[in-house]
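Q: I am new to this structure and would like a close look at one part of it. Could you walk me through the cysteines and then show me how their surroundings connect to the rest?

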Amino acid sequence: MFFLKKLRQDIQLEPIHFGAKLKEHVKARIRQELAGSSQGKHGYVVEIIDIADEDIAVGLVDNDSGCVGVTAQYTAILLRPFPLEVLDAVVTNAVESGFFANVGPLEIFVSRHGMDEDITFDYNKGDCWCSDDQEIEIREGVVVRLRVTGITIEAGCISAIGTIKDSYLGQYE
């Protein structure tokens, strides 16, 4: 789920940033560009913990533009989901085919086939999934406990599908 990992990033610096505060600018730019972004197979960068001065390598000057390519290593907290992992998520949208829930930046879709048979979509209550005995009511803002069944990792985002069909899963109170 959450990992502490040392990663590397290459950035291009314009000549205006050369000077005594070069390393501070590199640190600020890495924090600005990477915090909250997806790093593919590594997961989402939740927070950048440390960028040491000695981890910022001297770069090479590009003769055409005058920019310098700098490589920096940083330590970050990463959110990386795995199949069959159980998570608590907040429902963001309930639709006829299922509902969407978020765990931080990760969006998980639970289809109607991933729910018990007694849970149906109720138009009268305002777009929510309700059980026959009215004890379960899954709507926007409700916290659910779900199991991740599949993950798709693309260049800019990670998406997942889940289920609430197992024991101890479903609406969380």
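A: Let's begin with the sulfur of cysteine 130, which lies 3.2 Å from the closest cysteine sulfur, that of cysteine 128. A disulfide needs two cysteine sulfur atoms within 2.5 Å, so this pair is too far apart for a bond. Please keep in mind that the model is a predicted one. Searching the whole structure gives the matching result: zero disulfides. Cysteine 128, too, is in no disulfide, with the sulfur of cysteine 130 as its nearest cysteine sulfur.

Are these two cysteines buried or exposed? Cysteine 128 is buried, its relative accessible area being 0%. Cysteine 130 is also buried, at 3%.

Now for the strand around them. Strand β9 covers residues 128–131, and cysteine 128 in β9 is the bridge partner of aspartate 122. Strands β8 and β9 run antiparallel and are joined by four bridges. In general, the strands of a sheet pair through backbone hydrogen bonds, and they can do so either parallel or antiparallel. Here the open sheet has three strands in the order β8-β9-β10, and the pairing is antiparallel. The edge strands, β8 (119–122) and β10 (137–138), each pair on one side only.

From here we can step over to the largest pocket, which holds about 190 Å³ of space. Which residues line it? Among them are Asp118, Ser131, Asp133, Glu135 and Ile136, and also Arg145, Tyr168, Leu169 and Gly170. Ser131 belongs to the residue range of β9, 128–131, and is part of this lining. Sorted by class, the lining of the largest pocket has four nonpolar, three polar and five charged residues.

One of those lining residues, Arg145, leads us to the salt bridges. Side chains of opposite charge can pair when their charged atoms come close. Arginine 145 does this with aspartate 88, and the closest N and O atoms of the pair are 2.7 Å apart. Aspartate 88 sits in strand β5 (residues 86–95) and arginine 145 in strand β11 (residues 143–153), so their salt bridge ties together parts that are 57 residues apart in sequence. Both partners are partly exposed: aspartate 88 has a relative accessible area of 36%, and arginine 145 has one of 25%.

Strand β11 also carries arginine 147. The side chain of arginine 147 meets that of aspartate 166 in a salt bridge of 2.9 Å, N to O. Because aspartate 166 is in the loop between β12 (158–163) and β13 (170–171), this pair links parts 19 residues apart in sequence. Aspartate 166 counts as partly exposed at 38% relative accessibility, and arginine 147 counts as partly exposed at 22%.

How many salt bridges does the whole structure have? The search finds seven. Another one of them joins aspartate 55 to lysine 6, with their closest N and O atoms 3.0 Å apart. Aspartate 55 lies in the loop between β2 (44–50) and β3 (56–61), while lysine 6 is in strand β1 (residues 2–13), so this pair ties together parts 49 residues apart in sequence. In this pair aspartate 55 counts as buried, at 18% relative accessibility, whereas lysine 6 is partly exposed, at 44%.

How values were computed. Residues numbered from 1 in each chain as written. Predicted model: local features only at pLDDT ≥ 70, side-chain atom pairs only at ≥ 80, totals over all residues. Heavy atoms only, no water. Buried < 20%, exposed > 50% of the residue type's maximum accessible area, 1.4 Å probe, protein only. Salt bridge = Lys/Arg side-chain N within 4 Å of Asp/Glu carboxyl O. Helix = DSSP H or I, 4+ residues; strand = E, 2+ residues; numbered from the N terminus. Pairing = 2+ DSSP bridges. 1 Å grid on protein atoms, 1.4 Å probe; cavity = no way out; pocket = protein on both sides within 12 Å on 5 of 7 lines; lining within 4 Å. Points joined across faces, edges and corners; volume = space filled by probe spheres on them. Nonpolar A, V, L, I, M, F, W, Y, C, P; charged D, E, K, R; others polar.
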